[in-house]
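Please read the following report alongside the sequence and the coordinates. It takes up helix packing, strand pairing, nonpolar cores, charged pairs and cysteines in turn.

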Amino acid sequence: MVKKRRNAVDKLKTLLFGKDLRVTEGDIYSQVREYDFSSYYPEEKYITDQQLPKGKIFDVRDFGADVHKNNNADAINCAVDEASKVGGIVLVSGGDYISATIVLKSNVTLFIEKGCAICVNSAGEGYDKYSALIYAENAENIIFTGGGKIKGSGNFFGRKPVALQNNTTPPAYIDVIEMRKDYRAQLRFAHPNKFGGPIVLKNCKNIMVDNFIVENSAYWTFKLVNCDTVNIKNFIINNNRNVANADGIDIAGSSNIHICHSFISTADDGIVLKNALWLGNTGAMHNVEITDCEIISRTNAIKIGTETTYDISDISIQDCRLFMTDLYPGSVSGISIESCDGSVLSDVIIKNISMDRCTCPIFIRLGNRNRASLVNAQSANAVEFGKSPKDGGSAAKNVFDFKGAIKDIVIENVTATGVEIPIIVAGYRQNGRTKYVENIALKNIDLTYADMPETIDRRIFIPEYAKEYPECWRFRNLPAYALWSRHTKNMTIENFTCRHPQRTWKKENVIIDAK
């Protein structure tokens, strides 16, 4: 029961029994519940009727594809092989085609006609080698278009949630501890039959996505690993918002990425930048632009970081709308900027952002998990597939330890409504050493809190959480409104406004702990 004030007994129970909630037993739960998918779905805003192509056409039906077959992989892969020889177009028309893995090759346009689709089979069979429905490696000049869909059948790869139904009703009091429990009780955690994600592109370049839909992913929806020069526009990802670890777009170790005019509704991070040794990344990534996007996420709408051993720089995010419909709680954060595994994250410009029901509007977190010393390619994500991790790290302990940094970040023109916890900017102190977040500018920030009272949780000491998973909810009920900052240097605040329907305060009440 959510309380106005948490007493010492409540705090002790949280400390002793407040462990992570993860369902690890049970059969496949395929039912699609009310509010699993967002009620707001603006397909007509992003997807258009596109004329069937002319020229070097390779219709999958001419190679034996049939909507009544349980596996059309051989037919579609034959069409891909022939199209690749002449820079042709693989045409998917006439309905939905179930398929195992399709391996795209250079100089191929995948044209799925609007109203048609390539679909994952609900058993998750035939994807063992690549863990993907659509896979490409060391390829170039690939186009996804046509207005049609990739269907991921995500609801067939998880277990039954703890909650009997999806929650749309806020509690009596905002309480971050209860908020996190409520969110995780609604999630469908992985069943061992989970196969992977809809699209994985590895070591590819010159990729175009235009007028295309992916829906109901079981895992990371559109994954770019060590890719270069990718342009995405008029793109929709519409996922079940309770399928655990169903990210939208994962940009891992990839550079020169431009994403614009796209809609993403998903269970996990909407757009996330990663750059980690255990993901197969090999060096710094740079030049990522995200503009004119609408993103609904149950976790972080746009995240830079989390799994980041190598550097990330030159990031631009502009003119985006980040929000939550229907469900409670809302998004964990609107914008999250994190370095916790050794990466130097720098030169980020974010402006002209509107948010609604993103519990923490901005989360900037420097930590020191040093995860490369603990996990490898298998163990890092094993639990996300309902499997047991194997021991062993990716690097020696000293390779990335204390190497991380966050600096030179400018965030301006942000309007956020339905706020429930403050903006958080935090470095860390560990083993007698302090690492600071540096050179942060917050300009023209306008916050309006949700019209609810908060649980009072007096805290004399707030732990560093330097080795914990970096998430704003980790800090629980902070003794602050608007902004909480610790271990920062050179932070500039200009034209910062915060209002609360149930509280009033004076400007001089703002306190910044920059030690």
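## Helix α3 and its surroundings

Which strands are included in what covers the buried residues of α3? The model is a predicted one, and in it the cover over the buried residues of α3 includes β1 (57-59), β2 (89-92), β3 (96-99), β4, β5 (108-112) and β6 (117-120). The buried residues in question are A73, A75, I76, N77, A79, V80, A83 and S84.

Helix α3 itself covers residues 73-86, and its 14 residues reach 21 Å from the first C-alpha to the last, which is close to the 20 Å expected at 1.5 Å a residue. Just after α3, G87 adopts a positive phi of about 65°.

## Strand pairing

An open sheet of 11 strands is found with parallel pairing, in the order β4-β7-β10-β12-β14-β16-β18-β20-β22-β24-β28. Its edges are formed by β4 (102-103) and β28 (483-486), and because each of these has a single partner strand, one side of each is left without a neighbour in the sheet. Within the order just given, β22 is joined to strand β24 (residues 423-426) by 3 bridges, the two running parallel, and R365 has A426 in β24 as its bridge partner.

Parallel pairing also links β19, β21 and β23. Strand β19 (residues 312-323) runs parallel to strand β21 (residues 344-356) and is joined to it by 10 bridges, with S313 standing opposite S346 in β21. In turn, β21 pairs with strand β23 (residues 405-419) in the parallel sense over 11 bridges, where V414 in β23 is the bridge partner of I353.

## Nonpolar cores

The largest nonpolar core contains 98 residues, and those with the most contacts inside it are F144, L201, I249, I251, L322, I337 and I411. Taking I411 from this group, and leaving aside its neighbours within four places in sequence, one finds it in contact with I337, I350, I362, I364, A441, L442, K443 and I445. A second core, separate from the largest one, has 25 residues, among them C360, W473, F475 and A480.

## Salt bridges

Where charged side chains are concerned, the count comes to 23 salt bridges. One of these joins the side chains of D326 and R241, at 3.2 Å from N to O. This pair links distant parts of the chain, since D326 is in the loop between β19 and β20 (331-339) and R241 is in the loop between β13 (228-238) and β14 (249-252), 85 residues apart. The two partners differ in burial: D326 is partly exposed, with a relative accessible area of 21%, whereas R241, at 0% relative accessibility, counts as buried.

Another salt bridge is formed by R369 with D341, whose closest N and O atoms are 2.7 Å apart. Because R369 lies in the loop between β22 (358-366) and α5 (379-382) while D341 lies in the loop between β20 and β21, the pair ties together parts that are 28 residues apart in sequence. Here R369 is buried, with a relative accessible area of 8%, and D341 is buried as well, with a relative accessible area of 0%. The side chains of E468 and R474 also meet in a salt bridge, at 4.0 Å from N to O; E468 counts as partly exposed at 36% relative accessibility, and R474 counts as partly exposed at 26%. Beyond such pairs, salt bridges that share partners join D247, D250, K274, E307 and R371 into one network.

## Cysteines

How many disulfides does a search of the whole structure find? The search finds 0 disulfides. For C78, which is in no disulfide, the nearest cysteine sulfur is that of C119, 20 Å away; since a disulfide requires the two sulfur atoms to lie within 2.5 Å, the pair C78 and C119 does not qualify. C78 is partly exposed, with a relative accessible area of 38%.

C498 is likewise in no disulfide, and the nearest cysteine sulfur, belonging to C360, is 12 Å away. At 16% relative accessibility, C498 counts as buried, while C360 is among the residues included in the second nonpolar core.

Definitions and conventions: Residues numbered from 1 in each chain as written. Predicted model: local features only at pLDDT ≥ 70, side-chain atom pairs only at ≥ 80, totals over all residues. Heavy atoms only, no water. Pairing = 2+ DSSP bridges. Helix = DSSP H or I, 4+ residues; strand = E, 2+ residues; numbered from the N terminus. Core = buried A, V, L, I, M, F, W, Y, C linked by side-chain atoms within 4.5 Å. Buried < 20%, exposed > 50% of the residue type's maximum accessible area, 1.4 Å probe, protein only. Contact = heavy atoms within 4.5 Å. Expected span 1.5 Å × (residues − 1).
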